[in-house]
Amino acid sequence: MSEHMRRGLRGAAGLFVLLVIGALVALTGVQRMNGDPPWWVELSRYLPFYWLLVPGLAALGVSFWLGRAWAVASIAVLLMFAGVTMRPRWGSGEPAGERVRLMTFNIKASHAVQEQEGVLALGLEVARHDPDVVVMQDANGLLVERGATPVVGVPVFGLKNTYALGQYVVASRLPILGCSTGQIGYGEESHRYLRCTIDVRGTPLTVVTAHFLSPRNGLYATRIGGLGGIDEWRQNLSDRLAQSKALARDLPSLPRPLVVAGDLNAPEESPVVQGLLETGLRDAFSAAGRGYGYTYGHAMRGIDFLRIDHILVSPDIAVSDSFVGQGHASEHRPVIADLVLKR
């Protein structure tokens, strides 16, 4: 190989590494934007970050040929991307006490009831974590069909105290003192939330479960339609923000201690979730979880890459542990948190 060709290859290799490093650094900066970021920032939060490590690793391999400085820079950027952009959590938990284990689970019941042993798989996943309270979304058909009247007291997955309405089911080994609904919009999906009061050994615990509008259609429109799909994505984002704001307006008036749990269809950094946290709640997995805690994506890409299912708690609740379950029973992994009510 001539010296001229060698220089050309090194130049092309260097340009490739610079482009990849620059893209990963830029994306990291974008993900750190707070407040009310532009629509395209919110769109970028749904990228499959795991797969973006592939060009980063390719650039790392090339950088070893270019020299030590290039390799060090590539390693630093990859570590930054995995440790900052992908948002791992390193919660330490809080002093344990008499805990209440709460689980939120989007069970996709319409799929489970059509599959052989689909409902059994859901039951086994719930039993594996032995929750005191489990709140379920997308549970239409498990106990009650969409639009039907509430079903109360029918045992679910070994938990005898239950309340089912529409897509929501609350099942508990602790007494349920009462349930009601609140409005968060008027779309085709997820236009209300369910609120129940659980008797935790003499202390009333308010549990809210919600399922915000899916971003699926907006994401699909931008992927297939390009610039032509942007309007649909922006409308989708606006609708989910409206749902979040409607729920956030109700939360200050609800009795404490308070838990908000469900499929919020947005990562914690999104203003969709941040609006709820601004009411004084905090994310249980961020407080006591370890790792990425991703709950969604394995049904599409074989690996989870989004944390869109959340358990949010009021300040008078300590979190001793939080983790995610397995993904074989549903398109969503459940989120589990061990909660301690502060006396």
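In this predicted model, Asp138 is buried, with a relative accessible area of 16%, and the residue that it pairs with, Lys108, also counts as buried, at 12% relative accessibility. Both values fall below the limit of 20% under which a residue is called buried. Side chains of opposite charge can pair when their charged atoms come close. Asp138 and Lys108 form such a salt bridge, and their closest N and O atoms are 2.9 Å apart. Asp138 belongs to the loop between strand 3 (133-137) and strand 4 (151-152), while Lys108 belongs to the loop between strand 2 (99-106) and helix 5 (109-112), so the salt bridge ties together parts that are 30 residues apart in sequence.

The salt bridges in the structure come to 15 by the rule used here, and a second example to follow is the one between Arg307 and Glu268, where the closest N and O atoms are 2.5 Å apart. This pair, too, links distant parts of the chain, since Arg307 is found in the loop between helix 11 and strand 13, and Glu268 in the loop between strand 10 and helix 9 (271-277), 39 residues apart. Arg307 counts as buried at 7% relative accessibility, and Glu268 is buried as well, with a relative accessible area of 12%.

Arg307 also forms a salt bridge with Asp283, and here the closest N and O atoms are 3.0 Å apart. Because Asp283 lies in strand 11 and Arg307 in the loop between helix 11 and strand 13, this salt bridge ties together parts that are 24 residues apart in sequence. At 3% relative accessibility, Asp283 counts as buried. The pairs of Arg307 belong to a wider arrangement, for salt bridges that share partners join Arg87, Arg89, Glu268, Glu269, Asp283 and Arg307 into one network.

From the loop that holds Arg307, the reader can move on to strand 13 itself, which spans residues 309-313 and is mostly covered, five of its five residues being buried. Asp309, Ile311 and Val313 point one way from this strand, whereas His310 and Leu312 point the other way, and all of them are buried. Strand 13 pairs with strand 10 (residues 258-263) in the antiparallel sense, over five bridges, and in this pairing Ala261 stands opposite Ile311. Strand 13 is also joined to strand 11 (residues 282-283), again antiparallel, by two bridges, with Arg282 standing opposite Val313.

The next topic is the aromatic rings. A pair of aromatic rings is described by the distance of the centres and the angle of the planes. There are five aromatic pairs in the structure, and one of them is formed by Tyr50 and Tyr292, whose rings are 6.1 Å apart from centre to centre, with 80° between the planes, an edge-to-face arrangement. Tyr50 lies in helix 3 (residues 49-66) and Tyr292 in the loop between strand 12 (290-291) and helix 11 (298-301), so this pair ties together parts that are 242 residues apart in sequence. Tyr50 is partly exposed, with a relative accessible area of 25%, and Tyr292, at 22% relative accessibility, counts as partly exposed too. Tyr292 has another ring partner in Tyr294: their centres are 5.3 Å apart and their planes are at 20°, so this pair is stacked. Tyr294 is buried, with a relative accessible area of 10%. Through these ring pairs, Tyr50, Tyr292 and Tyr294 are linked into a cluster.

A ring can also be found beneath a charge, as Trp65 shows: the charged end of Arg10 sits over the ring of Trp65, 5.5 Å from its centre.

The last element to visit is helix 8, which runs over residues 230-250 and therefore has 21 residues; from its first C-alpha to its last it reaches 31 Å, close to the 30 Å expected at 1.5 Å a residue. The buried residues of this helix include Ile230, Trp233, Asn236, Leu237, Arg240 and Leu241, and further along the helix Gln243, Ser244, Ala246, Leu247 and Ala248 are buried as well.

How values were computed. Residues numbered from 1 in each chain as written. Predicted model: local features only at pLDDT ≥ 70, side-chain atom pairs only at ≥ 80, totals over all residues. Heavy atoms only, no water. Helix = DSSP H or I, 4+ residues; strand = E, 2+ residues; numbered from the N terminus. Buried < 20%, exposed > 50% of the residue type's maximum accessible area, 1.4 Å probe, protein only. Pairing = 2+ DSSP bridges. Phe/Tyr/Trp six-rings, centres within 6.5 Å; stacked < 30°, edge-to-face > 60°. Lys NZ or Arg CZ within 6 Å of the ring centre and 35° of its normal. Salt bridge = Lys/Arg side-chain N within 4 Å of Asp/Glu carboxyl O.
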